[in-house]
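User: Could you take a close look at the pockets in this model for me? I'd like to hear what lines them.

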Amino acid sequence: MISDATRSAVAELMKHFPEKRGALLPALHLIQRELGHVATETAVEVAELFELHPVQVLEVVRFYNLIYDAPQAQHHVTVCTNLSCSLRGARRLLRQLEAHLGVVAGTATPDGRIHLGHEECLGACAGAPMMRVDERYHEDLDVETAKSILDALE
Ligand code: FES
């Protein structure tokens with residue numbers, strides 16, 4: 001259930017847009033920060049706040065890959081495997097991280113600590129190869145540095 005504090009923060013966000021639905025995406029980030037993901041029941045609550053149909057909220061939740069509709073691993077690690085990063089070893093980096101974590105890309109460690117994935121260009125080509133850990137970019141990576149970044153995650 002969305003807390004009163006988050007509801008107030010969402011109401012505050014709405015004031016910055018000519019139509020309240022303009023605040024939907026940042027509101028979903030706030031709500032996800034509180035609840036970990038945006039479940040269908042939460043989407044119903046959000047729809048009430050925004051005077052939308054729940055399907056309209058779920059469409060947004062399921063379109064954006066940083067908004068989750070189900071419980072997630074504690075950390076999301078995404079290695080960019082597009083051209084610039086691949087030319088500088090990203091695919092090898094991804095394979096090494098799979099081996100290090102004991103998972104295949106697209107899955108999470110059994111303890112739910114880290115979900116490892118890969119994506120197309122994350123817009124940091126000059127820092128290839130790179131990975132995103134939650135909301136932070138790590139660039140110019142080598143395998144050992146990447147492993148140590150993952151090992152340092154709580
Ligand atoms: S190709 Fe990897 S960030 Fe652009």
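Analyst: The second largest pocket comes to about 160 Å³ in volume, and keep in mind that this is a predicted model. Going around its wall, you'll meet Asn-65, Leu-66, Tyr-68 and Gln-72, then His-76, Val-77 and Thr-78, and finally His-115, Gly-117, His-118, Glu-119 and Arg-132. Two strands stand out here: E1 and E3 (114-119) each put at least two residues into that lining. E3 is the top contributor, with four residues. Sort the wall of this second pocket by class and you get seven polar residues, three nonpolar and two charged.

Now for the largest pocket, which has a volume of about 390 Å³. It has 14 lining residues, and those closest to its centre are Gln-32, Leu-66, Tyr-68, Asp-134 and Glu-135. Helix H2 (24-35) and strand E1 (75-80) are the elements that give two or more residues to this lining. H2 provides the largest share, three residues. By class, the lining of the largest pocket splits into seven polar, four charged and three nonpolar residues.

Where does the largest pocket lie relative to domain 1 and domain 2? Domain 1 (4-63) and domain 2 (75-151) both contribute lining residues, so the largest pocket lies between them.

The two pockets also have some wall in common. Leu-66 and Tyr-68 are among the residues closest to the centre of the largest pocket, and both turn up again in the lining of the second largest one. Strand E1 likewise gives two or more residues to the largest pocket and at least two to the second largest.

Terms used. Residues are numbered from 1 along each chain as its sequence is written. This is a predicted model: local features need pLDDT of at least 70, side-chain atom pairs count only at pLDDT 80 or more; totals for chains, interfaces and linings use all residues. Side-chain values use heavy atoms; hydrogens and water are left out. On a 1 Å grid over the protein atoms alone, a cavity is a set of points where a 1.4 Å probe fits but cannot get out, and a pocket is an open set with protein on both sides within 12 Å along at least five of seven lines; lining residues have an atom within 4 Å of a point. Grid points are joined across faces, edges and corners, and a volume is the space filled by probe spheres set on the points. Ala, Val, Leu, Ile, Met, Phe, Trp, Tyr, Cys and Pro count as nonpolar, Asp, Glu, Lys and Arg as charged, and the others, Gly among them, as polar. Domain bounds come from an automatic or database domain assignment.
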